[in-house]
Amino acid sequence: MDDPLEAPEELVQCSHCNKEVAKVNLPVHEAHCQRFLCLCSDCDELVPKDQLEEHRVEQHTVVRCKMCDKKMQRYKLPNHETNECRERPQVCEFCELDLPLSALEEHVMTCGSRTERCPDCKQFVTLKDQKKHAQICPSALSEDDSHSEEESTYGAMKPAPINNLQDDQKLKNPYFTADSGSDSENEENKEPPDFTFSSHYMSKGGGAAGFVDLDQIRTCPNCHLALPLQTLQWHEEKCKIFESLKLID
């Protein structure tokens with residue numbers, strides 16, 4: 001059986017184009033290189049023989065940089081304009097003005113020496129020192145400390161969680177008591193809940209004085225949640241407590 005981990009194919013360098021090719025393909029590759037390709041003597045780039053003269057005109061003609069007027073071969077111009085030219089445009093970090101690299105250093109020293117008032121401590125700070133000043137500004141640091149103290153003081157003030165079955169049942173049923181469901185024999189003797197509501201929930205229409213339609217839907221004045229009158233009065237009391245806790249946070 002063949003070894004599943006086959007040895008990597010051996011590579012050799014073509015003596016004509018200096019590329020690495022598989023050893024078994026070297027004779028065919030070298031024959032193709034010698035017949036159709038050649039190396040440019042100026043840049044060592046491999047080009048077709050019939051395009052060598054055109055390559056020399058396009059890439060090796062001497063041109064001038066439009067910014068610094070320096071002479072060079074055309075193929076070197078892009079790198080020169082991007083990374084080498086002393087007159088290439090740069091942006092000042094303080095005023096964002098475009099100016100030549102040769103004048104940038106002097107401009108930055110002058111521009112960075114301008115001052116602006118710190119909005120926290122009201123002191124005048126040079127533009128070049130503003131980042132450092134922001135880390136040591138006493139007014140800014142005192143504000144940060146006060147905010148952190150407030151967060152530590154009030155951050156833990158959250159509504160108490162429901163930690164027992166009776167609290168959970170009270171939230172679901174406002175008329176739940178600790179004795180509810182414990183003595184099923186006395187359920188028939190229990191008096192019905194008193195659905196007499198305050199004047200805030202009284203019907204504006206007719207009906208018995210002090211009583212309202214329990215199926216009527218009203219909205220909570222705090223959170224605007226629509227609820228039956230049967231639970232609305234209880235909900236409003238709890239809602240007021242929750243809103244006060246939100247204000248503290």
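**Secondary structure, burial and local geometry of the predicted chain**

D44 is exposed, with a relative accessible area of 61% (exposed means over 50%, buried under 20%, and partly exposed in between, with a 1.4 Å probe and protein chains only). The structure is a predicted model, in which local features need pLDDT of at least 70 and side-chain atom pairs count only at pLDDT 80 or more, whereas totals for chains, interfaces and linings use all residues. Residues are numbered from 1 along each chain as its sequence is written, and side-chain values use heavy atoms, with hydrogens and water left out.

D44 is found in the loop between β3 and β4 (strands are DSSP runs of E, at least two residues, and helices are runs of H or I, at least four, numbered from the N terminus). The phi angle of D44 is near 60°, a positive value in a residue other than glycine. A second such case is K122, with phi near 65°. K122 lies in the loop between β9 (115-117) and β10 (124-126); at a relative accessible area of 49%, K122 is partly exposed. Most residues other than glycine have a negative phi.

The chain contains 8 helices and 12 strands. Of its 249 residues, 19% are buried. The chain exposes about 19200 Å², and carbon and sulfur atoms supply 51% of this area (Shrake-Rupley method, 1.4 Å probe; for residues, only the protein chains shown count as cover). Among contacts between residues at least 6 apart in sequence, 11% join residues at least 24 apart (contact means heavy atoms within 4.5 Å).

The mean pLDDT of the chain is 75, and 65% of the residues reach 70 or more (pLDDT is the predictor's confidence in each residue, from 0 to 100). Over residues 162-166 the pLDDT is below 50, and this stretch has 5 contacts in the model beyond near neighbours in sequence. The pLDDT also stays under 50 over residues 192-199, for which the model has 15 contacts beyond four places in sequence. Where pLDDT is low, the predicted coordinates should not be read in detail.

The largest nonpolar core has 6 residues, namely C14, C17, V21, L26, C33 and L37 (such a core is a set of buried Ala, Val, Leu, Ile, Met, Phe, Trp, Tyr and Cys residues joined through side-chain atoms within 4.5 Å). Not counting residues up to four places away in sequence, V21 touches E10, L11, V12, L26 and H29. L26 therefore appears both in the core and in the contact list of V21.

In helix α2 (residues 52-60), the buried residues are L52, H55 and H60. Viewed down the axis of α2, these residues fall within an arc of 80°, so they line one face of the helix (the arc is that of the directions from the helix axis to the C-beta atoms). The cover over the buried residues of α2 includes β3 (37-39), β4 (46-48), β5 (62-64) and β6 (71-73). H60 is also among the contacts of Y75, which touches D42, C43, Q59 and H60 when its neighbours within four places in sequence are left aside. Y75 is placed in the loop between β6 and α3 (77-84) and is partly exposed, with a relative accessible area of 33%. The C-alpha atoms of Y75 and T61 are separated by 8.5 Å, the two residues being 14 residues apart along the chain.

Helix α4 (residues 101-111) has L101, L104 and C111 as buried residues. They cover an arc of only 60° around the axis, which puts them on the same side of α4. E105, E106, M109 and T110 are exposed on the other side of α4. The buried residues of α4 are covered by elements including β7 (89-91) and β8 (98-100).

C111 has a relative accessible area of 6%. The closest cysteine sulfur to that of C111 is in C95, at 3.8 Å, which is too far for a bond. A search of the whole structure finds 0 disulfides (a disulfide is a pair of cysteine sulfur atoms within 2.5 Å).

H235 lies in helix α8 (residues 229-248) and counts as buried at 15% relative accessibility. Leaving aside neighbours within four places in sequence, H235 is in contact with C220, C223, L225 and L227. Of these contacts, C220 is buried, with a relative accessible area of 0%.
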